[in-house]
Amino acid sequence: MDGTHLCKEITNLHDDIVSAEIVEKGVTIASHIKSGTLPKLERLFAQTELYMSILQANAEHLGRPHYLLTHNDNTDLFFFSIVVNGRKMILVVRISVPYAYEEIVNKMREYVG
């Protein structure tokens, strides 16, 4: 399955999911947006990858990190660490607010595993 198809499937999990992107080393390598355009966030993505690696390095003390969430005025961002063919990547899911947090998180965690 290609990354763009995966991103499209994720956006179809819930009406409030606006887009999904797969990011590697701060660069979007696959994405799907329901409509319109989204601002480029490469710097944020690179910083998030670094932070995720720090959390994973401390998993023995904190436990395994499942996802990161940034709650903003207009859009929330969920960051899931994924590994594809041995390559570490971040799945970024943008969600319009307000939304049913538990419903989306459960669907995303079930899908991502």
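Which residue just after H4 takes a positive phi? Read on for the reply; keep in mind that this is a predicted model.

## Helix H4 and what follows

The residue is Gly-113, and its phi is about 85 degrees. The helix before Gly-113, H4, covers residues 101-112. With 12 residues at 1.5 Å each, H4 should span 16 Å, and its end C-alpha atoms are indeed 16 Å apart, so the two values agree.

Ile-104, Val-105 and Met-108 are the buried residues of H4. Looking down the axis of H4, you will find them within an arc of 95 degrees, so they line one face of the helix. Their cover includes H1, E1, strand E4 (75-84) and E5. Turn to the face of H4 that points away from this buried side, and you will meet the exposed residues Glu-102 and Glu-110.

## Helix H1

Helix H1 runs over residues 3-11, with Cys-7, Ile-10 and Thr-11 buried. Viewed down the axis of H1, these buried residues fall within an arc of 95 degrees, so they line one face of the helix. They pack against strands E1 (17-24), E2 (27-33) and E5 (87-96), as well as helix H4.

At the N-terminal end of H1, Asp-2 acts as a cap: one of its side-chain oxygens lies 3.0 Å from the backbone nitrogen of Thr-4.

## Thr-48 in helix H2

Helix H2 takes in residues 42-57, and Thr-48 is found there. Thr-48 counts as buried because its relative accessibility is 7%, under the 20% cut-off. Setting aside neighbours within four places in sequence, Thr-48 is in contact with Leu-68 and Phe-79.

Terms used:
Residues numbered from 1 in each chain as written. Predicted model: local features only at pLDDT ≥ 70, side-chain atom pairs only at ≥ 80, totals over all residues. Heavy atoms only, no water. Buried < 20%, exposed > 50% of the residue type's maximum accessible area, 1.4 Å probe, protein only. Helix = DSSP H or I, 4+ residues; strand = E, 2+ residues; numbered from the N terminus. Arc of directions from axis to C-beta. Contact = heavy atoms within 4.5 Å. Polar contact = N/O pair within 3.5 Å; in protein donor to acceptor, adjacent residues only side chain to side chain. Expected span 1.5 Å × (residues − 1).
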